Amino acid sequence: MENRNKPEPDKAIEADNDRNIANSPKDHIPGWGIDANPENDPTYPMKNWNGADYQRFNYDKPTQQPIDVEVLHSIERPGVSRVFGTSTPPTGISGAIRRWAFKYSESTYLHWVPLVLADRVNVIEGYIDDLKHGIVPNPFAERGWQAEWKYNRKSLVKNVAIGVAIAGAAVLIMKQQNKKKKRYVM
Amino acid sequence: MLAMNFRGPFRVRADRNRPYPEIKHPQDAIVRVTRSCICGSDLHLYHGLVPDTRVGMTFGHEFTGVVEELGSAVTNLKVGDHVMVPFNIACGACPFCQQQLFGNCHESNPQATAVAGIYGYSHTAGGYDGGQAEYVRVPYANVGPTIIPQGMDLDDAVLLTDVVPTGYQAAEMGGIQKGDTVVVFGAGPVGIMAAKCAWLFGAGRVIVIDHIDYRLEFVRNYAQCEAYNFKELGDVVVFLKKTTGWFGADVCIDAVGCDAAGDAFQSLVGRKLPLTGGSATALHWAINSVKKGGIVSIVGVYGPLDTLVPIGNVVNKGITIRANQASVKRLLPTLIDHVMSGRLNPKAIISHRLPLEEVAEGYHIFSAKRDNCIKPVLIPPHARA
Ligand SMILES: NC(=O)c1ccc[n+]([C@@H]2O[C@H](COP(=O)([O-])OP(=O)(O)OC[C@H]3O[C@@H](n4cnc5c(N)ncnc54)[C@H](O)[C@@H]3O)[C@@H](O)[C@H]2O)c1
Ligand SMILES: [Zn+2]
Ligand SMILES: [Zn+2]
């Protein structure tokens, strides 16, 4: 369904002609290369100029790292890079969302927005996973509030006080409403 | 082992139960970390702005360490070498590495083609666990790791893995000519270093813009430059036009990136929601403050989504934009020389040395700009003796 209106990718690509200067029509183009200027290169000195890319794209690739974890790869490349990280392979619901996102290219919102969503889902999964392993997350420590206590105590105290006041007010209001409800019952 | 563990935006912890890294490829090394910084780039992860940042990852792309173990194909290092490890993971063989574009390697990141692998920088940068840990896996160890020269301070060495090359390349990409007026947006570690390095390229005047007074004060002294608080300037662009004879600066450098403050709309769509690749306020100012035909150099990091910039002005003013991840390995020989000869003194920007166990405090202090923080360094237990 996704590919309904797209041209067959392989037909659109004439790979043999890409950076194959012998096949280019240069000999039939009047003035071919007449204004070429090797100094017209805004990438100097960030790029070490060592000849044109058409001579360089057939390189000896490093050995492939064994793919022993699930690696999602961008559809803008033919496969997994020769080396990759093995941190946190996709799992759970966030993993399913990530797999779906990787059906779309880096050029689309359908790739990136689901990944951001997956990150948020992953946070909830992280809480569950912690509890499963007997770890009770300590937001106070994880947010580094010990440092806040040390360097910004006044505003921390103020914020906590405001939080407590709001929570207190909410409890009071709820109690009031409960009383009202009870009255109706009676 | 002990390592940082990401639990979600604004939540990290020091975790004692992380698995030791393993050799996964013949060109891998395992390094025992001796110093590891927290970077402004880590703050983008910490703030939840980088897609595919998975819970449970260890961050950290600026580190030094001692080689513990080597894969069978590593020939340039031996066990016991003390190395600085460039933040770019680079194969050395692909067309981009051959051109010394080590920040753009094609064989280190399966997840995205737009960026090379970076240690501890989400799956969008390859899914590697990073160096805010006791041990770390270092792929392509023949290419990146560089032996720390005798007599070099570890605190200088660790800053050579990112901040110094990035600041330097920011100035380099500015194509600064002798006498040029250079404006640097951002007085974080990268902006401070860019301002310092602008002089090495012959700048005639260096102006830094930020809104945090202690940082402005620091950069004024450290980089011998002018420094202004944009909150006190009214319209930043008008101020910069005026102070450059109404022409604009010759070179503008964006050393802020996607967490930029200063514009409510950019902050809403770029940081709060976020619907764009980040808040591009500093980049917007850079484009509008540079002269016609001027150069804008971008090292500030943005997300992969579309970002709001006045591209029409880029066209109409004939601006050249130059941007990249720093190519650390390419710049190391020059920068080691600048450090050893005393022309650059990176370690002076380190404001906090914290035990790795206090990683959560480190992130908070750096992110919330507490205690005059400029650059925090984490030190693992075995390196503290
Ligand atoms: N390209 C690379 O290779 C590379 C390497 C390292 C860091 N970076 C990026 O460089 C940027 C800076 O890194 P850092 O470690 O110095 O971070 P940092 O967060 O410490 O510094 C950013 C500074 O910018 C200031 N700022 C915010 N909005 C601003 C605005 N509108 N105008 C001017 N200043 C503003 C902040 O107050 C802060 O002092 C980050 O985006 C980081 O990801 C890029
Ligand atoms: Zn960094
Ligand atoms: Zn490469």
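Leaving aside its neighbours within four places in sequence, which residues is Val69(A) in contact with? In this predicted model, the partners of Val69(A) are Phe84(A), Thr86(A) and Pro89(A). Val69(A) sits in the loop between helix H1 (9–12) and helix H2 (92–101) of chain A. With a relative accessible area of 25%, Val69(A) is partly exposed, because the partly exposed class runs from 20% to 50%. Its C-alpha atom is 9.4 Å from that of Pro90(A), a residue 21 places further away along the chain.

Staying with chain A for a moment, an unreviewed UniProt entry places a "transmembrane region" at residues 156–174. In the model, that span is 100% helix and 0% strand, and its end C-alpha atoms are 27 Å apart.

**Two zinc sites in chain B**

Now let's turn to the metals. The table puts the two zinc ions side by side.

| Zinc ion | Protein donors | Donor distances | Angles among the 4 donor atoms | Arrangement |
|---|---|---|---|---|
| ligand 2 | Cys39(B) (SG), His61(B) (NE2), Glu62(B) (OE), Asp162(B) (OD) | 1.9 to 2.3 Å | 91 to 137° | irregular |
| ligand 3 | Cys91(B) (SG), Cys94(B) (SG), Cys97(B) (SG), Cys105(B) (SG) | 2.3 to 2.4 Å | 101 to 118° | tetrahedral |

Why is the site of the zinc ion (ligand 2) called irregular? Its 4 donor atoms subtend angles of 91 to 137°, and four donors count as tetrahedral only if all angles lie between 85 and 135 degrees. Along the chain, the donors of this ion follow the spacing C-x21-H-E-x99-D. Cys39(B) belongs to the loop between strand E3 (29–37) and helix H1 (40–46) of chain B, while His61(B) belongs to the loop between H1 and strand E4 (63–70), so this pair ties together parts that are 22 residues apart in sequence. Cys39(B) and His61(B) are both buried.

The zinc ion (ligand 3) is held by cysteine SG atoms from Cys91(B), Cys94(B), Cys97(B) and Cys105(B), and the spacing of these donors reads C-x2-C-x2-C-x7-C. Cys94(B) is in the loop between strand E6 (88–89) and helix H2 (95–98) of chain B, and Cys105(B) is in the loop between H2 and strand E7 (117–118), so the two join parts 11 residues apart in sequence. Here too, Cys94(B) and Cys105(B) are both buried.

**Helix packing and an annotated domain**

How do helices H4 and H11 of chain B pack? Helix H4 (residues 163–173) meets helix H11 (residues 328–340) at an angle of about 100°, with the axes 10 Å apart. H4(B) and H11(B) are therefore roughly perpendicular to each other. On the H4(B) side, the contact is made by Val164(B), Pro165(B), Tyr168(B), Gln169(B) and Glu172(B). The H11(B) side contributes Val328(B), Arg330(B), Leu331(B), Thr334(B), Leu335(B) and His338(B).

An unreviewed UniProt entry also annotates residues 189–263 of chain B as "domain: Alcohol dehydrogenase-like C-terminal". Over these residues the chain is 40% helix and 21% strand, and the end C-alpha atoms are separated by 22 Å.

Is Thr281(B) buried or exposed? Thr281(B) counts as buried, at 2% relative accessibility. This residue is located in helix H9 (residues 281–289) of chain B. Apart from neighbours within four places in sequence, the contacts of Thr281(B) are Ala260(B), Ala261(B), Gly262(B), Asp263(B) and Gln266(B).

Definitions and conventions
Residues numbered from 1 in each chain as written. Chains lettered and ligands numbered in written order. Predicted model: local features only at pLDDT ≥ 70, side-chain atom pairs only at ≥ 80, totals over all residues. Heavy atoms only, no water. UniProt positions renumbered as here; feature names shortened; annotations may be inferred. Helix = DSSP H or I, 4+ residues; strand = E, 2+ residues; numbered from the N terminus. Donors = N, O, S within 2.8 Å, 3.2 Å for Na, K, Ca; no water. Tetrahedral: all angles 85-135°; square planar, octahedral: opposite > 155°, others 65-115°. Buried < 20%, exposed > 50% of the residue type's maximum accessible area, 1.4 Å probe, protein only. Axes fitted to C-alpha atoms, helices over the stretch in contact; angles between N-to-C directions. Parallel < 35°, antiparallel > 145°, perpendicular 65-115°, else oblique. Contact = heavy atoms within 4.5 Å.
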